[in-house]
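User: I am new to this structure. Please walk me through its sheets and helices.

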Amino acid sequence: MDCEPESPSCCGSDLYIARQELAVDQTTAFAYHERPGCLSRLTPPWENVTVEHSDQSIEVGSRVTLKTRIAGIPLRWKARHVWYDPPNGFADVQDSGPFAHWHHQHRFESLDHDRSCLVDSIEYRLPAGWIGRTLGGGKARRTIEAMFAYRHRITRDDLQLIADYPMQSKTIAVSGATGLVGDALCSMLTLLGHKVMKITRDETGDADEIAAWGKPEEIKKFEGVDAVVHLAGKPLVGKRWTPEIKEQIRESRVEKTRALCEGLAKLENKPSVFVCASATGIYGDRGEEVLDEDSATGDSDDFLPSVAKQWEDACSPAKEAGIRTVHTRFGIILSPDGGALEQMLLPAKMMGGKLGDGKQWWSWIALEDALGAIVHCIATPQVHGPVNFVSPEPIRNRDFARTLGRVLHRPAIFPAPKFALRLALGEMADDLLLASFRVLPKQLQQSGYQFRFAELEDCLRFYLGKHRKPSQEVPA
C-alpha cells in the first residue's frame, strides 16, 4: 500500500516550489521519471555529484546514494523514497547528508489530454539552526534554483522530443557508448522509452551488447534492430598527430565503419536507418566562406578532410543495401562534461582569450542539440546523406572567448599566440583550433529540427549553471 507524502512539519524550514509545463500527458511524464538513469540525466553538470548507488526505482523504500563535495569535503547524500502514486507523483526524504531536513515531492498534474505540469516542492532546513540559515541560506537557495532550472529544462526538452517525434518504442544500437555523445544519447533514448543495445569491441555475453568487431556471428544480433548510431572513433585530441596516431585515427573510423556496414548489409532484417558520425573538418579551412551540405569538401591532401571523406565513403555498403544513411558532420560539441568546453574552462577562468588572431570561425553545437538532432534524423525519413550538426549561429573565436568570459565573470585578456599553440600541439593546432569553419545547418533546418540552443551565451549559461529559471516559490 502506498504511503502518503510526509507533510512539512519542521519549524524553521524553507520551502521552494517550481512548476514546469510539459508537452506530454501526465502518464508519459511520470513514466519518464520512473525509468532507470533519470537521476543521472537530470544532475547538473557543474555540480560535483555522482550516483554511487541506486535501486533504479522510485517506489516506496527504494534508496539512492550520491557522492558529492561541499567546500572540498567529501560527503555522501543518502535518500529514501517514501511516496509512490503513479501517475500523480512520488517523494523522497534525506536519511543522511548535507541538510538537517530534506523532503522533495514530485507531483504531476494533468492540464489536458496531451499536456501536463510537473510541480517540484522541496522543504529543507540547513544544519546549525539560525547560524546555518544566516550563513548558508542564500547559497543553498541559489543552488536549488540553478539545479531545478537545469532539471526542468532537460525534462521539458526531452519530453518535447516525444511530442515532436511520436515513434513507437524502437531498438537502437549505439557504438561509442562510453564517449561524450554516446553516453548521453544512450541515457536519453532509454528515458524516451527506447531499448538501447551498446556496440562494444569485445564479446561480453550481455544480451544488450553487440561485439560488432568480434566473431562474425555477433552481427546476427543486429537482426531486428531498428536503427544504428555509429559514434565510435579514436579521439582527435589528447596526443600529438604522429604518423602512427594519424593511422590509428583513420583506421578507427574508416576500417571499423566499413566492416560494420558490410555486416549490416548482409542482414535479412536490416535496420531502417544508419546514423554515422562525421565532422565539419571534411570542409577544410575555408576562411570566410559560408558552408552548407552542398559545399565542396576540402583538399584530399589535408588530413582531416581526407579522413572524413573516407569515413563517409566507408558507409557505402549500408547505403547500397537500401539502409537510409545519415552522416552527422559534427562541429565543436559543447558540454562541461568533456570535449572542447571542458578544456576551455580553466584558461577562461584565468582570463584566457582568443586563439591566434581570433578571426577564425567556430561552428559549435550544444550537446543537447547533438542528441536531439540524432533523434530527429532517426525519426525523419526524408533526412539522408550529409547533415551539418552545428548551431545556426557560428561565431568567431575571439567572440567565443569574450562570451565565455562574460558568463564566467572573467575578462578574456590573454591571447594564445599561434606559435605557442603550434609548439604545444603541432599540426593539430592548425587543423582544430586555428582553422576557420563557417558552417550552417541547412539540412536540419529545412527538415524541421528546432534547436534548443541557437545562441552561444544561452548555451553556456545553461551548462555552467549561470542562469536561473523563473519559478513560483512559496516562502516558509
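**Strands, sheets and helices**

Analyst: E4 and E5 pair in the antiparallel sense over 7 bridges. Two strands pair if DSSP finds at least two bridges between them. Helices (H or I, at least four residues) and strands (E, at least two) are DSSP runs, numbered from the N terminus. The model is predicted: local features need pLDDT of at least 70, side-chain atom pairs count only at pLDDT 80 or more, and totals for chains, interfaces and linings use all residues. Residues are numbered from 1 along each chain as its sequence is written, and side-chain values use heavy atoms, with hydrogens and water left out.

User: Which residue in E5 stands opposite Asp85?

Analyst: A hairpin of 3 residues joins E4 to E5. Opposite Asp85, in E5, stands Gly89.

User: Which residue in the turn between E3 and E4 has a positive phi?

Analyst: E3 (residues 63–70) runs antiparallel to E4, and 8 bridges join them. One bridge pairs Val64 with Ala79 in E4. The hairpin has 2 residues between its strands, and the positive phi, about 55°, belongs to Ala71.

User: In the antiparallel sheet, which strands stand at the edges?

Analyst: This open sheet has 7 strands in the order E1-E7-E6-E5-E4-E3-E2. An edge strand has a single partner strand, so one side of it is left without a neighbour in the sheet; that holds for E1 (14–22) and E2 (49–54).

User: By how much are neighbouring strands of this sheet turned against each other on average?

Analyst: Axes are lines fitted to C-alpha atoms, for helices over the stretch in contact, and angles run from 0 to 180 degrees between N-to-C directions. For this average, direction is ignored, and the value is 20°.

User: What is the bridge partner of Ala91 in E6?

Analyst: E5 (residues 89–96) and E6 (residues 101–112) are antiparallel, with 5 bridges. In E6, Ala91 has as its partner Gln105.

User: At what angle does H3 run to E1?

Analyst: Contact means heavy atoms within 4.5 Å. H1 (residues 26–34) lies across E1, E4, E5, E6 and E7, at about 145° to E6. H3 (residues 129–164) lies across E1, E6 and E7, and its angle to E1 is about 15°.

User: Which strands stand at the edges of the parallel sheet?

Analyst: The order of its 7 strands is E10-E9-E8-E11-E12-E14-E19. Each edge strand has a single partner, so one side lacks a neighbour in the sheet; the two are E10 (209–211) and E19 (385–389).

User: What is the bridge partner of His327 in E19?

Analyst: E14 (residues 324–330) and E19 are parallel, over 5 bridges. In E19, His327 is matched by Pro386.

User: How far apart are the end C-alpha atoms of H4?

Analyst: The expected span of a helix is 1.5 Å times one less than its number of residues. H4 (residues 180–191) has 12 residues, so it should span 16 Å; this agrees with the distance in the model, 17 Å.

User: How are H11 and H12 oriented to each other?

Analyst: H11 (residues 418–425) and H12 (residues 427–434) pack with axes 6 Å apart, at about 125°. Angles under 35 degrees count as roughly parallel, over 145 as roughly antiparallel, 65 to 115 as roughly perpendicular and the rest as oblique. The two helices are therefore oblique.
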